[in-house]
Amino acid sequence: MRPLNIGLTEEQRQGVTDLLNKDLSDAYLLLIKTKKYHWDVVGPQFRSLHQLWEEHYTALTESIDAIAERVRALGGYPVGTAEGFLKYASLKEDPGTLPNAFHMVENLVSDHEQVIRNLREHIDQCGDDFHDQGTADFLTGLMEQHEQMAWMLRSFIEGESIQPDGRLSAEGLKVPVNMK
Ligand SMILES: [Fe+2]
């Protein structure tokens, strides 16, 4: 770790860059998973999902770059190998599976939610343990992006009138009482 005179000890910067490298690795896995579904998705919602996932992986590419560059700004080195990303990520890959569009959306919602939970914890650690409000603020922005992406994905399956097995769902057709 490069010596810097920015009011953080080497230990604090090490702690923060370790967290950032975990977030970087998860963002990379999520990028790969989103791209794979962008390629594989079929069905009546093909065009919408294909386009939404392109927007998401474009946004993820930008945040990956921002996370890696923040590691450098704090004097550390970002993870930069496929092996490293797999080692530090909390998300898991599911090779060899071809879910339908509904389950693809469900899987990505669950991955984004996991990233949001990790980021929420990392934000607290940056402030409480490492005295780095700058990174806490940076990760807060990142968390809000994931919250928005998760909401967009959820909106595809919430209120769905056709279940993945083709059955009509009565629940999906109901209008919530407070919306009548
Ligand atoms: Fe594409």
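In the predicted model, Y37 is classed as buried because its relative accessibility is 5%, and W53, at 0% relative accessibility, is likewise counted as buried.

Aromatic contacts were then examined across the chain, and the count comes to two aromatic pairs. In one of these, the ring centres of Y28 and F85 lie 4.2 Å apart with their planes at 15 degrees, so the pair is classed as stacked. Since Y28 belongs to helix α1 (residues 10-40) and F85 to helix α3 (residues 82-88), this pair ties together parts of the chain that are 57 residues apart in sequence. Y28 is partly exposed, with a relative accessible area of 29%, whereas F85 is buried at 8% relative accessibility. The rings of Y37 and W53 have their centres 5.9 Å apart and their planes at 45 degrees, and the pair is therefore tilted. This pair, too, links distant parts of the chain, with Y37 in helix α1 and W53 in helix α2 (residues 46-73), 16 residues apart.

Helix α4 (residues 101-128) contains E121, which is exposed, its relative accessibility being 52%. Together with D124, D128 and D129, E121 forms a negative surface patch. H103 is also placed in helix α4 and, with a relative accessibility of 33%, counts as partly exposed. Although H103 and I157 are separated by 54 residues in sequence, their C-alpha atoms are 9.2 Å apart in space.

Conventions: Residues numbered from 1 in each chain as written. Predicted model: local features only at pLDDT ≥ 70, side-chain atom pairs only at ≥ 80, totals over all residues. Heavy atoms only, no water. Patch = residues over 30% accessible without salt bridge, like charges linked within 9 Å, V, L, I, M, F, W, Y side chains within 5 Å. Areas by Shrake-Rupley, 256 points an atom, 1.4 Å probe, with all protein chains shown as cover. Salt bridge = Lys/Arg side-chain N within 4 Å of Asp/Glu carboxyl O. Lys, Arg positive; Asp, Glu negative; His and termini not counted. Charge placed at Lys NZ, Arg CZ, Asp CG, Glu CD. Helix = DSSP H or I, 4+ residues; strand = E, 2+ residues; numbered from the N terminus. Buried < 20%, exposed > 50% of the residue type's maximum accessible area, 1.4 Å probe, protein only. Phe/Tyr/Trp six-rings, centres within 6.5 Å; stacked < 30°, edge-to-face > 60°.
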